[in-house]
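This report describes a protein model for readers at the bench. The text proceeds from confidence to overall make-up, then to helices and salt bridges.

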Amino acid sequence: MDWPHSCFSLCWILWAASRLRDIKAAEGKYAQKLFNDLFEDYSNALRPVEDTDKVLNVTLQITLSQIKDMDERNQILTAYLWIRQIWYDAYLKWDRDQYDGLDTIRIPSDLVWRPDIVLYNKADDESSEPVNTNVVLRYDGLITWDSPAITKSSCVVDVSYFPFDDQQCNLTFGSWTYNGNQVDIFNALDSGDLSDFIEDVEWEIHGMPAVKNVITYGCCSEPYPDITFTLILKRKSSFYIVNLLIPCVLISFLAPLSFYLPAASGEKVSLGVTVLLAMTVFQLMVAEIMPPSENVPLIGKYYIATMALITASTALTIMVMNIHFCGAEAKPVPQWARIVILKYMSKILFVYDVGESCTSPRHSKERDPYQKDYAETHRKGLKNRDNNIVHKKEINGLLNNDLGTQGENPKEADSYCARYVTLTKNIEYIAKCLKDHRTNNAKGIEWKKVAKVIDRFFMWIFFIMVFAMSILIIAKA
């Protein structure tokens, strides 16, 4: 039952294939005949217009496919474009009926006249010719030429707000030799075509508006039209935030901690110098990718401000260390410093004496005798002197009693008297040394506390300044 039907289907397929082959052969024959007829007396050296005073209109359309590179240092934009040019050739027309209804043919572009439209702001040092792709020729003389191009154009880069910057790069196309009275250029669209754009890892495209300009140069009186495509770019800042900004912020917060480091550790200045060197490395990294310009980038300003703070903190640390190591030979702490720094600022900044803590400060009466305040020691000087006189009287009384009990032998009494006098002098000398030691030790402890209070004060000041700078750069971003 199915054998006749299958045989009929096979015959029909064979007949259709044979007919299609005949049509293609006829089309190829007519295309060859059309090509020979069109280019028999054709010249691609002259403008294809019947009247030399007539303007030849060229429609230009740019499709941005990819941004290959944005060299901020050399200010060069490398882009991959598809360029479409459409114009009419008055000498490449035919009647479709004479060529079996053939309405379009595709021929090499170097066989026809082409407008010499070039990129005005080209930054490539090599002379690149347009790609010789085929053109589509229609029966009414309409020629469509699509050609890919990798362009390198100059772009003025403004890095004032790097890495949160926006850039505008112009692509200006126009005829190199024909003026506006010979070849005029029109926009196919109000902007560049971004439908086939491949997303870039560093830049976002926010538009590509096109504007036609007609310029009269000083050398010539004829107008020269051009079309300028403005590529609006916004940098994706995530990479730079993670690799340049966040490390800088974290390092900058280490600078105030040099004031919190104990002076006895000997590493206060070393910490400041190390942080300064780290910031210098980041500054050099930014300088390598930025163009040499008068406009300092935002992140560069942040680095410079941070380096200035670190330098100031290191210098202040050296001054505070000199105060800390004043020692017993230094002058006493001035009265104003004792009131302002030791009395008020120490309480505000939670700075306590040696051995005290913020949770359980020891009372003054529980302090070690060697840690008494120098002023208190000075005030009690007179009382101690009176006590020494009383002690001397007691000692003399003891001597008299002792001599009285042993005064039976005068020689032995004189011997005992000399011993007690010597002992009294030694005791007085020891007491005097102990008092001097207390006084000098109290003086050194006072200067150390002054240095500690100043350290804590500068630590909070620098913390506030670093935090304010970080907030400022984020707000400007």
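Over which residues does pLDDT stay under 50 while the model has one contact beyond four places in sequence? The stretch is residues 19-26. The model is a predicted one, and its confidence varies along the chain. Residues 355-375 also have a pLDDT below 50, but this stretch has 28 contacts in the model beyond near neighbours in sequence. The mean pLDDT is lowest in helix α7 (residues 374-379), at 46, and highest in strand β11 (residues 224-235), at 94. For the protein, the average pLDDT is 78, and 74% of the residues score at least 70.

**Overall make-up**

The protein contains nine helices and 11 strands. Of its 477 residues, 35% are buried. The exposed surface amounts to about 29000 Å², of which carbon and sulfur atoms supply 59%. Among contacts between residues at least 6 apart in sequence, 77% join residues at least 24 apart.

**Helices α4, α5 and α6**

Helix α4 has 22 residues and reaches 33 Å from its first C-alpha to its last, close to the 32 Å expected at 1.5 Å a residue. Its buried residues are Lys268, Gly272, Val275, Met279, Phe282 and Val286. Viewed down the axis of α4, the buried residues fall within an arc of 90 degrees, so they line one face of the helix. Thr274, Leu277, Leu284 and Glu288 are exposed on the other side of α4. Met285 belongs to this helix as well, and it counts as partly exposed because its relative accessibility is 40%. The C-alpha of Met285 lies 8.6 Å from that of Leu244, although the two are 41 residues apart in sequence.

Thr314 is placed in helix α5 (residues 298-324). With a relative accessibility of 13%, Thr314 counts as buried, since the cut-off for that class is under 20%. Leaving aside neighbours within four places in sequence, Thr314 is in contact with Val269, Gly272 and Val273.

Helix α6 (residues 335-348) has 14 residues, which should span 20 Å at 1.5 Å a residue; the end C-alpha atoms are 19 Å apart, in agreement. Ala337, Arg338, Ile341, Leu342 and Ser346 are the buried residues of α6. After α6 comes Phe350, with a positive phi near 60 degrees.

**Salt bridges**

The model has eight salt bridges. Among them are the following.

| Acidic residue | Basic residue | Closest N and O atoms |
|---|---|---|
| Asp37 | Lys33 | 3.2 Å |
| Glu72 | Arg235 | 2.7 Å |
| Asp146 | Arg84 | 2.7 Å |

Glu72 lies in the loop between β1 (56-71) and β2 (76-88), and Arg235 in strand β11, so their salt bridge ties together parts that are 163 residues apart in sequence. Both Glu72 and Arg235 are buried. These residues are also linked with Asp165 and Glu202 in a network of salt bridges.

The pair of Arg84 and Asp146 links distant parts of the chain: Arg84 is in strand β2 and Asp146 in strand β6 (residues 142-154), 62 residues apart. Arg84 counts as partly exposed at 33% relative accessibility, and Asp146 is partly exposed with a relative accessible area of 34%.

Asp37 and Lys33 both lie in helix α1 (residues 3-38), four residues apart, about one turn of the helix. Asp37 counts as partly exposed at 35% relative accessibility, and Lys33 counts as partly exposed at 42%.

Key:
Residues numbered from 1 in each chain as written. Predicted model: local features only at pLDDT ≥ 70, side-chain atom pairs only at ≥ 80, totals over all residues. Heavy atoms only, no water. pLDDT = per-residue confidence, 0-100. Helix = DSSP H or I, 4+ residues; strand = E, 2+ residues; numbered from the N terminus. Contact = heavy atoms within 4.5 Å. Buried < 20%, exposed > 50% of the residue type's maximum accessible area, 1.4 Å probe, protein only. Areas by Shrake-Rupley, 256 points an atom, 1.4 Å probe, with all protein chains shown as cover. Expected span 1.5 Å × (residues − 1). Arc of directions from axis to C-beta. Salt bridge = Lys/Arg side-chain N within 4 Å of Asp/Glu carboxyl O.
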